[in-house]
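Colleague: Please take me through this entry and say what each term rests on.

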Amino acid sequence: MSASADGDGTRVVRAGLPEEEPYAAPLPGPVFAAHYHLPGDPTGAPYAYGRDANPTWTALEQAIGELEAPDADDATGADDGGVPGPVHTVTFASGMGAISAVLLGTARPGDIVVLPSDGYNLLVPTRERLEGYGVEVRTAPTGGDAQLDALDGARLLWIESPSNPGLDVCDIRRLTDAAHARGALVAVDNTLATPLGQRPLALGADFSVASGTKALTGHGDVLLGYVACRDPELAATVRQWRKTVGAIPGPMEAWLAHRSLATLEVRTRRQAENALALAEALGGRPEVRDVRHPGLPSDPSYALASRQMRRFGCLVSFTLPDREFCERFLAALRLVDDATSFGSVRTTAERRARWGGDAVPEGFVRMSVGLEDAADLVADVERALERAASGPDPAA
Ligand SMILES: *Cc1c(COP(=O)(O)O)cnc(C)c1O
């Protein structure tokens, strides 16, 4: 129902809404049902049992599919003749539910899967699980399109761009063309960018996979994941996986996610503006090293990110002198919560090395920039840096 020529703000407020009906709610409330009335032969019934389908998921899946679909501004490439088919979306209980549906649901013993070596930290246990099932896993970093060299014989290439937490960017179109030339499928983790920041399917990928827990829903109160793809057979495989493992979203979460989509354009625009303001302020500080944000013109990824992305996301990463400095900094912040995850309306930051999973220095900070006033955030961060630089609080 959304015309693809509409702008992002228009698309998000109408995404997935049912046809207008007198006296009905514009966005119907969540449907709580473990089963549906099911007379006679169940063949073709749209709703039969609650693990298989739910009208609240259907509406959300329609909405996400509209946003992941290439639009009038996308150079859609030659392979679809410029006439992209519909996007099929399958929602999950979490991002990891969606990721495992693609990785564990499509790889078979003897297959080769290429993963980023610097991606989301749960790719490490996922890799071990794949290897336990007889899948060969190769890894390469995101930056410099290094995964290109690992593609021979691969069945699936997994891309995470920008990577989390290092914020490197790779050329999705180039990697996808190379993978397809070798007969490999391509999945892109689109969590950080959201469909308004980057459209992997328009760049040729077979799957766009994301955690909706982050910027997509954006309030830090919902866990959700999804897989979007154009090929109905791939979608059927993913849907069958969800049904088999039961990694289904709750109707309330699905409804909250759909409601949150309406503000996705204003949230992601404001977050990217605020993130750039903070990255610029941090770049001028002597105690701060290696400020990364794909929208920062001095960032190594900027040239590629500006070609490939439409919005640069909410994350800024940087390194402080050491662990103690970093902990003093985080404790001194007034407007920034020390918390993991990202994409919320409220700014959060964390010392990423506290988890032990990422190859980052002890003083590495991943900051997720929210919707506060940029001047307030910059002032708070500068004050906290000064406080941290003055050493341990003698009263503490
Ligand atoms: C958070 C995250 C995930 C996992 O999503 P959950 O909803 O927490 O399961 C996957 N990939 C990236 C890039 C993430 O940031």
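**Terms and values**

Modeller: Three aromatic pairs turn up when the whole structure is searched. The model is predicted, with local features requiring pLDDT of at least 70 and side-chain atom pairs pLDDT 80 or more, while totals for chains, interfaces and linings use all residues. Residues are numbered from 1 along each chain as its sequence is written, and side-chain values use heavy atoms, without hydrogens or water.

Colleague: Why is the pair of Tyr36 and Tyr47 called tilted?

Modeller: Rings of Phe, Tyr and Trp (its six-membered ring) pair if their centres lie within 6.5 Å; planes under 30 degrees apart are stacked, over 60 edge-to-face, and the rest tilted. Here the centres are 5.5 Å apart and the planes stand at 45°, so the pair counts as tilted. Tyr36 and Tyr47, eleven residues apart, are both in the loop between helix H1 (8-14) and helix H2 (55-68). Helices (H or I, at least four residues) and strands (E, at least two) are DSSP runs, numbered from the N terminus.

Colleague: What makes S1 and S3 edge strands?

Modeller: Two strands pair if DSSP finds at least two bridges between them. The open sheet of seven strands has the order S1-S7-S6-S5-S4-S2-S3 and mixed pairing. Strand S1 (88-92) and strand S3 (136-140) each have a single partner strand, so one side of each has no neighbour in the sheet. From one strand to the next the twist averages 20°; angles run from 0 to 180 degrees between N-to-C directions, and axes are lines fitted to C-alpha atoms, for helices over the stretch in contact.

Colleague: How do you know that S4 and S5 are paired?

Modeller: Five bridges join strand S4 (residues 156-160) to strand S5 (residues 185-189) in the parallel sense, and the definition asks for at least two. Leu156 stands opposite Leu185 in S5. Helix H7 (residues 232-245) packs on this sheet and touches S1, S5, strand S6 (207-211) and strand S7 (225-229), its direction making about 15° with that of S1. Contact means heavy atoms within 4.5 Å.

Colleague: What makes S8 and S10 the edge strands of the other sheet?

Modeller: Five strands form that open sheet, in the order S8-S9-S12-S11-S10 with mixed pairing. Strand S8 (289-292) and strand S10 (337-338) each pair on one side only. Strand S11 (residues 348-351) and strand S12 (residues 364-368) run antiparallel and are joined by four bridges; Glu350 stands opposite Arg366 in S12.

Colleague: How do you know that Asn164, Asp189 and Ser211 make polar contacts with the ligand?

Modeller: A polar contact is a pair of N or O atoms within 3.5 Å; within protein, one must be able to donate a hydrogen and the other to accept it, and residues adjacent in sequence count only if both atoms are side-chain atoms. The side chain of Asn164 has an N or O atom 3.1 Å from a ligand oxygen. For Asp189, a polar side-chain atom lies 2.7 Å from a ligand nitrogen, and for Ser211 an N or O atom of the side chain is 2.7 Å from a ligand oxygen. These distances fall within the cut-off. Taken alone, the ligand exposes 380 Å², of which the protein buries 93%, by the Shrake-Rupley method with a 1.4 Å probe; for residues, only the protein chains shown count as cover.

Colleague: What is unusual to list in the loop between S4 and H5?

Modeller: Leu167 is in that loop and has a positive phi of about 65° although it is not a glycine. Pro165 lies there too, joined to Asn164 by a cis peptide bond with omega about 10°.
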